[in-house]
Amino acid sequence: MSVFLELGQRPDEPGPPINGPGAFPPEVYARLEGDAKEIVARYPSARSALLPLLHLVQSEDGYLTPAGIAFCATQLGLTHAEVTAVATFYSMYRRTPTGEYLVGVCTNTLCAIMGGDVILEALQDHLGIHAGQTTDDGRVTLEHVECNAACDYAPVVMVNWEFFDNQTPPSARDLVDGLRAGEPPVPTRGAPLCTFRETARTLAGLPGSRGSGSDVGAATLAGLRVAQELGMTAPDAPATATSHATPDDTKAAAEATKDEPAPGPSATVPPKTDSDK
């Protein structure tokens, strides 16, 4: 009996893992190549620049395409498979066309308890789209986010990864209405909003025209303030033994063990020690 196994992305993910144009126009390729050289020069090993280069090509199309994958592979001397493996691991790299503003609603535990699920439902009804889709005007792409790492201001909505704290269904509707009207609201904290492609270029490490961000809010510092009032301090780090091993010692140890077989599986998990027997 034969069993067919289809490998690929999750069933709820739209389209193939990477799709779109297969190559950049020559003038675009030349421009991106200049930016890539600036980025790669910051790293002692070229392949370490892969993550910012993926943001760079995402800033061109608004999502990752075969053209962007091929560009990164060529710049870093990697295979397309190596670049794709990294690109499909991180959720910040988009696989489908993205609007000017990526609106992410946190639906993880605390935000959900405080109303995150209700906010997402309200935005889906208000925009006439489901999470993962983009409005017809190309302004807003809506997505649900597992965690925005901002539980102190739950429920939180992020726009191009800038925070809008303490949201409600009405305030979230006003937020997306402003985005669609070309009047993006000011984030609760952090830098002023820019478009998704401009944000991707910033994440690539290239200069932009964004202003400075606002200060950290009081809720974020509440624990620190209480600790200071109570005179609490972190314990000293334990002293670590200083290693006097030389490169020759390390090499000799590696040579002595390189042909030894790996330890076999234990009959118990975790393995029993002498004291357990």
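**Figure 1. W161 and N160, in the loop between β3 and β4**. W161 is partly exposed, with a relative accessible area of 24%. That figure is not under 20%, so W161 misses the cut for buried, and it is not over 50%, so W161 does not count as exposed. This is a predicted model, so treat this view and the ones below as computed geometry. The backbone is worth a look here: W161 has a positive phi of about 70 degrees, although it isn't a glycine. N160 shows a positive phi too, near 50 degrees, and N160 isn't a glycine either. Is N160 buried or exposed? N160 counts as buried, because its relative accessibility comes to just 2%, under the 20% cut-off. For bearings, β4 covers residues 162-164.

**Figure 2. A cis peptide bond between A154 and P155**. Zoom in on the bond joining A154 to P155 and you'll find omega at about -5 degrees. Where along the chain does P155 turn up? P155 belongs to the loop that links β2 (140-145) to β3 (157-159).

**Figure 3. R189 over the ring of F163**. In this view, look for the charged end of R189, which sits over the F163 ring. How far is it from the ring centre? The distance is 4.0 Å.

**Figure 4. T107 and the residues it touches**. T107 is in the loop between β1 (101-106) and α5 (109-113). Although T107 is a loop residue, it counts as buried, because its relative accessibility is 17% and the cut-off is 20%. Which residues does T107 touch, once those up to four places away in sequence are set aside? The list runs A112, G116, D117, L120, H144 and V145.

**Figure 5. Aromatic rings around Y90**. The structure holds five aromatic pairs. One of them joins F89 and Y90, with ring centres 4.9 Å apart and 85 degrees between the planes, which makes the pair edge-to-face. Y90 also pairs with Y93: here the centres are 6.2 Å apart and the planes are again at 85 degrees, so this pair is edge-to-face as well. Why does the Y90 and Y93 pair count as edge-to-face? The angle of 85 degrees is over 60, and the centres, 6.2 Å apart, lie within 6.5 Å. How exposed are the three residues? F89 is exposed, at 64% relative accessible area. Y90 is partly exposed, at 38%. Y93, on the other hand, counts as buried, at 5%.

**Figure 6. The F24, Y29 and F71 cluster**. Swing over to another group of aromatics and you'll see F24, Y29 and F71, which form one aromatic cluster. Y29 also falls within the span of helix α1, residues 26-40.

**Figure 7. Helices α1 and α2 packed side by side**. When two helices pack, the usual description is the angle between their axes plus the distance between those axes. Helix α1 (residues 26-40) and helix α2 (residues 50-61) have axes that come within 10 Å and cross at roughly 155 degrees. That angle is over 145, so α1 counts as roughly antiparallel to α2. The crossing of α1 and α2 is right-handed. Which side chains should you pick out at the contact? From α1, go for V28, R31, L32, D35, A36, I39 and V40. From α2, the matching set is P52, L53, L56 and E60.

**Figure 8. H55 of helix α2 and its contacts**. H55 sits in helix α2 and is buried, with a relative accessible area of 8%. Leaving out residues up to four places away in sequence, H55 touches M92, Y93, A200, L203 and A204. One of these, Y93, is the buried ring from Figure 5. Another, L203, is 148 residues from H55 along the chain, yet their C-alpha atoms are separated by 6.3 Å.

**Figure 9. The whole chain, for orientation**. Zooming out, how many helices and strands are there? The chain has ten helices and four strands. Read along the sequence, they follow the pattern α-α-α-α-β-α-α-β-β-β-α-α-α-α. Of the 277 residues, 35% are buried. Among contacts between residues at least 6 apart in sequence, 66% join residues at least 24 apart.

Technical notes. Residues are numbered from 1 along each chain as its sequence is written. This is a predicted model: local features need pLDDT of at least 70, side-chain atom pairs count only at pLDDT 80 or more; totals for chains, interfaces and linings use all residues. Side-chain values use heavy atoms; hydrogens and water are left out. Rings of Phe, Tyr and Trp (its six-membered ring) pair if their centres lie within 6.5 Å; planes under 30 degrees apart count as stacked, over 60 as edge-to-face and the rest as tilted. Buried means under 20% relative accessible area, exposed over 50%, partly exposed in between (1.4 Å probe, protein chains only). A charge sits over a ring if NZ of Lys or CZ of Arg is within 6 Å of the ring centre and within 35 degrees of the ring normal. Axes are lines fitted to C-alpha atoms, for helices over the stretch in contact, and angles run from 0 to 180 degrees between N-to-C directions. Helices (H or I, at least four residues) and strands (E, at least two) are DSSP runs, numbered from the N terminus. Angles under 35 degrees count as roughly parallel, over 145 as roughly antiparallel, 65 to 115 as roughly perpendicular and the rest as oblique. A crossing is left-handed if the near helix is turned anticlockwise from the far one by less than a right angle, and right-handed if clockwise. Contact means heavy atoms within 4.5 Å.
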